[in-house]
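Here is a short tour for someone meeting this structure for the first time. Have a look at the model, and then we'll walk through it piece by piece.

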Amino acid sequence: HDPGWNDPPPISTSLKPRTGIKTEQKNENIDAPSGSLPDREEMFLQLRTAFDEYVQRLEESRRENVQKRINLLYDQWTNRTLPEELETLIFRLSTALLDEDDVRANVLHRTIVCDHGNKCSQWAPVLRQFIFVLQLRNEETKSVADQIVQPL
């Protein structure tokens with residue numbers, strides 16, 4: 001059978017991971033085994049560094065409220081009231097923010113909210129604010145790069 005122009009591509013029955021695909025490379029940190037994570041204290045230090053940095057990037061009028069909500073997250077972390085899976089997702093979100101990867105940050109935020117909404121309802125919305133800041137920054141950077149590459 002010769003496939004027609006509108007036939008769907010054949011489905012691979014191989015379970016081997018495909019290589020060379022950019023999205024898989026980008027998401028490898030999301031799917032990394034938990035054994036590759038730093039210890040809990042190092043994770044907390046990193047996420048605190050990232051989140052505090054992003055609080056400072058917000059409009060000054062919003063910083064106080066956002067910091068209060070982030071402090072609720074910090075309290076839950078230090079009191080060990082968050083599930084380990086949620087801690088890992090939060091850590092990976094902080095990594096995405098530090099890497100300035102808004103796509104990965106969006107995916108992780110969505111997973112946090114959908115899978116752990118009852119544990120994060122007080123502070124998850126402010127994490128979204130950090131992603132907005134990052135997206136805006138990335139758009140501005142892209143715009144400047146486009147102007148340089150394509151001069152008038």
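Let's start with a charge and a ring. The charged end of Arg57 sits over the ring of Tyr54, 4.3 Å from the ring's centre. Keep in mind that this is a predicted model.

Tyr54 has another ring to deal with as well. The ring centres of Tyr54 and Phe130 are 5.9 Å apart and the planes meet at 40°, so this pair counts as tilted. The pair ties together distant parts of the chain: Tyr54 belongs to helix 2 (residues 40–57) and Phe130 to helix 6 (residues 124–149), with their positions 76 residues apart in sequence. Are these two residues buried or exposed? Tyr54 is buried, at a relative accessible area of 0%, and Phe130 is buried with a value of 0% too.

Helix 6 also holds Gln129. Gln129 counts as buried because its relative accessible area, 19%, is under the 20% cut-off. Setting aside neighbours within four places in sequence, Gln129 is in contact with Leu58 and Arg62.

**The overall picture**

Stepping back, the protein has six helices and zero strands. Along the sequence that reads as α-α-α-α-α-α. Of the 152 residues in the protein, 32% are buried. How do the contacts spread along the chain? Taking contacts between residues at least 6 apart in sequence, 70% of them join residues at least 24 apart.

**An aromatic cluster**

Four aromatic pairs turn up in the protein. Elsewhere in the aromatic story, Phe44, Tyr74 and Trp77 form one cluster. Phe44 lies in helix 2 and is buried, with a relative accessible area of 12%. Not counting residues up to four places away in sequence, Phe44 touches Tyr74, Trp77 and Thr78. The C-alpha atom of Phe44 is also separated by 7.4 Å from that of Phe91, a residue 47 places away along the chain.

Another C-alpha pair involves Asn71, a residue of helix 3 (residues 60–78). The C-alpha atoms of Asn71 and Asp52 are separated by 10.0 Å, and the two are 19 residues apart along the chain. Asn71 is partly exposed, with 31% relative accessibility.

**Two helices side by side on paper**

Helix 4 and helix 5 make a nice pair to read one after the other. Helix 4 (residues 84–98) has 15 residues and reaches 21 Å from its first C-alpha to its last, close to the 21 Å expected at 1.5 Å a residue. Now for helix 5 (residues 102–120): a straight helix of 19 residues would span 27 Å, but helix 5 spans only 20 Å between its end C-alpha atoms. Where does helix 5 bend? The bend is at Cys114, and it comes to about 60°.

What about burial? In helix 4, 12 of the 15 residues are buried, so this helix is largely enclosed by the rest of the structure. Among those buried residues are Leu86, Phe91, Arg92 and Leu97. The buried residues of helix 5 include Asp102, Arg104, His109, Ile112 and Cys120.

The start of helix 5 has a cap. Asp101 caps its N-terminal end, with a side-chain oxygen 3.3 Å from the backbone nitrogen of Val103.

**Two loop residues with positive phi**

Most residues other than glycine have a negative phi. Two residues here go the other way. Arg80 is not a glycine, yet its phi is positive at about 55°. Glu100, also a residue other than glycine, has a positive phi near 60°. The table puts their phi, place and accessibility together.

| Residue | Phi | Loop | Relative accessible area |
|---|---|---|---|
| Arg80 | positive, about 55° | between helix 3 and helix 4 | 60% (exposed) |
| Glu100 | positive, near 60° | between helix 4 and helix 5 | 31% (partly exposed) |

Why does Arg80 count as exposed? Its relative accessible area is 60%, and exposed means over 50%. Glu100, at 31%, counts as partly exposed. Along the chain, Glu100 follows helix 4.

Technical notes: Residues are numbered from 1 along each chain as its sequence is written. This is a predicted model: local features need pLDDT of at least 70, side-chain atom pairs count only at pLDDT 80 or more; totals for chains, interfaces and linings use all residues. Side-chain values use heavy atoms; hydrogens and water are left out. Helices (H or I, at least four residues) and strands (E, at least two) are DSSP runs, numbered from the N terminus. The expected span of a helix is 1.5 Å times one less than its number of residues. The bend at a residue is the angle between axes fitted to the seven residues ending there and the seven starting there. Buried means under 20% relative accessible area, exposed over 50%, partly exposed in between (1.4 Å probe, protein chains only). A polar contact is a pair of N or O atoms within 3.5 Å; within protein, one must be able to donate a hydrogen and the other to accept it, and residues adjacent in sequence count only if both atoms are side-chain atoms. Rings of Phe, Tyr and Trp (its six-membered ring) pair if their centres lie within 6.5 Å; planes under 30 degrees apart count as stacked, over 60 as edge-to-face and the rest as tilted. A charge sits over a ring if NZ of Lys or CZ of Arg is within 6 Å of the ring centre and within 35 degrees of the ring normal. Contact means heavy atoms within 4.5 Å.
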